[in-house]
Amino acid sequence: MTHEQMLAALSPVRLPTALTALSWNETLALLSLGLIAGGMLGAALLPLTRRRGPRARPEDPHALPVPERLLVLSRRLGHLPTALRAAAYGAAPAPPDRVIRAIARRARLRRPWRR
(Lines give C-alpha, C1' and ligand atoms only; values in the text may rest on other atoms or scores of the structure.)
Protein backbone atom coordinates (compact mmCIF):
# COMPACT_ATOMS: atom_id res chain seq x y z
CA MET A 1 0.00 0.00 0.00
CA THR A 2 1.42 3.37 -1.02
CA HIS A 3 1.14 6.57 0.85
CA GLU A 4 -1.49 7.99 -1.53
CA GLN A 5 -3.62 4.87 -1.22
CA MET A 6 -3.46 5.01 2.54
CA LEU A 7 -4.53 8.70 2.55
CA ALA A 8 -7.40 7.92 0.19
CA ALA A 9 -8.56 5.07 2.45
CA LEU A 10 -8.85 7.35 5.49
CA SER A 11 -12.32 8.46 6.41
CA PRO A 12 -13.12 12.21 6.33
CA VAL A 13 -12.81 14.37 9.43
CA ARG A 14 -15.86 14.07 11.67
CA LEU A 15 -15.53 17.37 13.55
CA PRO A 16 -18.38 19.85 13.36
CA THR A 17 -17.68 22.86 11.17
CA ALA A 18 -17.85 25.16 14.20
CA LEU A 19 -14.73 23.49 15.64
CA THR A 20 -12.62 23.66 12.50
CA ALA A 21 -12.11 27.46 12.65
CA LEU A 22 -11.76 29.94 15.49
CA SER A 23 -14.58 32.41 16.00
CA TRP A 24 -13.99 36.00 17.06
CA ASN A 25 -15.06 35.12 20.63
CA GLU A 26 -12.44 32.40 20.87
CA THR A 27 -9.79 34.60 19.30
CA LEU A 28 -10.56 37.37 21.80
CA ALA A 29 -10.44 34.89 24.69
CA LEU A 30 -7.06 33.53 23.55
CA LEU A 31 -5.70 37.05 23.16
CA SER A 32 -6.81 38.04 26.65
CA LEU A 33 -5.34 34.86 28.14
CA GLY A 34 -2.05 35.62 26.41
CA LEU A 35 -2.02 39.17 27.77
CA ILE A 36 -2.79 37.94 31.29
CA ALA A 37 -0.05 35.31 31.07
CA GLY A 38 2.43 37.93 29.79
CA GLY A 39 1.54 40.31 32.61
CA MET A 40 1.99 37.60 35.21
CA LEU A 41 5.34 36.58 33.70
CA GLY A 42 6.49 40.20 33.65
CA ALA A 43 5.44 40.69 37.27
CA ALA A 44 7.27 37.51 38.26
CA LEU A 45 10.47 38.61 36.49
CA LEU A 46 10.40 42.21 37.74
CA PRO A 47 12.28 41.55 41.02
CA LEU A 48 14.99 39.72 39.09
CA THR A 49 15.51 42.49 36.52
CA ARG A 50 15.17 45.58 38.71
CA ARG A 51 18.17 47.90 38.84
CA ARG A 52 19.80 47.71 42.23
CA GLY A 53 21.32 50.77 43.83
CA PRO A 54 24.20 50.87 46.25
CA ARG A 55 23.59 48.80 49.35
CA ALA A 56 24.66 51.42 51.85
CA ARG A 57 23.99 55.03 51.01
CA PRO A 58 25.34 57.40 53.63
CA GLU A 59 22.95 60.19 54.50
CA ASP A 60 25.75 62.59 55.39
CA PRO A 61 28.53 62.43 52.78
CA HIS A 62 30.55 65.02 54.72
CA ALA A 63 31.44 62.32 57.23
CA LEU A 64 33.31 60.43 54.48
CA PRO A 65 36.89 61.05 53.36
CA VAL A 66 37.24 63.37 50.33
CA PRO A 67 37.72 60.73 47.58
CA GLU A 68 34.64 58.80 48.71
CA ARG A 69 32.71 62.06 49.09
CA LEU A 70 33.56 62.99 45.49
CA LEU A 71 32.44 59.54 44.38
CA VAL A 72 29.08 60.01 46.12
CA LEU A 73 28.76 63.43 44.51
CA SER A 74 29.47 62.03 41.04
CA ARG A 75 26.87 59.29 41.56
CA ARG A 76 24.24 61.83 42.61
CA LEU A 77 25.01 64.21 39.73
CA GLY A 78 25.42 61.51 37.12
CA HIS A 79 28.85 62.83 36.15
CA LEU A 80 32.02 64.09 37.80
CA PRO A 81 32.53 67.84 37.30
CA THR A 82 35.75 68.69 35.50
CA ALA A 83 37.02 70.88 38.34
CA LEU A 84 36.93 67.94 40.76
CA ARG A 85 38.49 65.23 38.57
CA ALA A 86 42.08 65.85 39.63
CA ALA A 87 41.12 65.71 43.32
CA ALA A 88 39.04 62.58 42.81
CA TYR A 89 41.94 60.72 41.25
CA GLY A 90 44.47 61.96 43.79
CA ALA A 91 46.45 64.11 41.35
CA ALA A 92 45.65 67.32 43.23
CA PRO A 93 44.88 68.17 46.84
CA ALA A 94 41.24 68.10 47.82
CA PRO A 95 39.44 71.45 47.75
CA PRO A 96 37.61 72.70 50.85
CA ASP A 97 33.99 71.69 51.44
CA ARG A 98 32.55 75.06 50.42
CA VAL A 99 34.34 74.81 47.04
CA ILE A 100 33.02 71.28 46.50
CA ARG A 101 29.48 72.45 47.32
CA ALA A 102 29.78 75.43 44.94
CA ILE A 103 31.03 73.24 42.09
CA ALA A 104 28.22 70.75 42.69
CA ARG A 105 25.64 73.57 42.73
CA ARG A 106 26.96 74.93 39.41
CA ALA A 107 26.92 71.43 37.90
CA ARG A 108 23.26 71.01 38.92
CA LEU A 109 22.35 74.37 37.42
CA ARG A 110 24.05 73.55 34.12
CA ARG A 111 22.24 70.22 33.80
CA PRO A 112 18.80 70.74 35.35
CA TRP A 113 17.33 67.74 33.52
CA ARG A 114 19.58 65.37 35.44
CA ARG A 115 18.75 64.22 38.93
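**A walk through a six-helix model**

Asp-97 is partly exposed, with a relative accessible area of 31%. That residue makes a handy starting point, and please keep in mind as we go that the model is predicted. The side chain of Asp-97 meets the side chain of Arg-69 in a salt bridge, with 2.2 Å from N to O. The two partners come from distant parts of the chain: Arg-69 belongs to helix α4, Asp-97 belongs to helix α6, and 28 residues separate them. Side chains of opposite charge can pair when their charged atoms come close. The structure holds 1 salt bridge, and you have just met it.

Let us step back for a moment to see the whole chain. The protein has 6 helices and 0 strands, so the pattern along the sequence reads α-α-α-α-α-α. Of its 115 residues, 16% count as buried. The protein exposes about 9,900 Å², and carbon and sulfur atoms supply 63% of that area. As for how the chain meets itself, take the contacts between residues at least 6 apart in sequence: 40% of them join residues at least 24 apart.

Now back to the other end of the salt bridge. Is Arg-69 buried or exposed? Arg-69 counts as buried because its relative accessibility is 11%, under the 20% cut-off. Setting aside residues up to four places away in sequence, Arg-69 touches Pro-61, His-62, Leu-64, Asp-97 and Ile-100. The salt-bridge partner is thus one of the residues on that list, and so is Ile-100, which also appears in the largest nonpolar core.

What makes up that core? It has 11 residues: Val-66, Leu-70, Leu-73, Leu-77, Leu-80, Leu-84, Ala-87, Ile-100, Ile-103, Ala-104 and Ala-107. Helices α4, covering 66–77, and α6, covering 97–110, each supply at least two of these residues. Leu-70 offers a good view of the packing. Apart from neighbours within four places in sequence, Leu-70 is in contact with Leu-80, Leu-84, Ala-87, Ala-88 and Ile-100.

Helix α4 deserves a closer look of its own. Its 12 residues, at 1.5 Å a residue, should span 16 Å, and the end C-alpha atoms are 16 Å apart, so expectation and model agree. Buried residues in α4 are Val-66, Arg-69, Leu-70, Val-72, Leu-73, Ser-74 and Leu-77. Ser-74 counts as buried because its relative accessibility is 16%, again under 20%. Leaving out neighbours within four places in sequence, Ser-74 is in contact with His-79 and Leu-80. Just after the helix, Gly-78 takes a positive phi of about 95°.

Finally, let us turn to the surface. Which residues make a nonpolar patch there? Leu-22, Leu-30, Leu-33, Ile-36 and Met-40 do, and the patch covers about 550 Å². One of its members, Leu-33, is found in helix α3, which runs over residues 24–49. Leu-33 counts as exposed because its relative accessible area is 54%, over the 50% cut-off. Set beside Leu-33, Arg-69 makes a nice pairing to inspect on screen: the leucine is exposed, whereas the arginine is buried.

Key
Residues are numbered from 1 along each chain as its sequence is written. This is a predicted model: local features need pLDDT of at least 70, side-chain atom pairs count only at pLDDT 80 or more; totals for chains, interfaces and linings use all residues. Side-chain values use heavy atoms; hydrogens and water are left out. A nonpolar core is a set of buried Ala, Val, Leu, Ile, Met, Phe, Trp, Tyr and Cys residues joined through side-chain atoms within 4.5 Å. Buried means under 20% relative accessible area, exposed over 50%, partly exposed in between (1.4 Å probe, protein chains only). Helices (H or I, at least four residues) and strands (E, at least two) are DSSP runs, numbered from the N terminus. Contact means heavy atoms within 4.5 Å. Accessible areas come from the Shrake-Rupley method with a 1.4 Å probe; for residues, only the protein chains shown count as cover. A salt bridge is a side-chain nitrogen of Lys or Arg within 4 Å of a carboxyl oxygen of Asp or Glu. The expected span of a helix is 1.5 Å times one less than its number of residues. Patches are made of residues with over 30% relative accessible area and no salt bridge: like charges are joined within 9 Å, nonpolar side chains (Val, Leu, Ile, Met, Phe, Trp, Tyr) within 5 Å.
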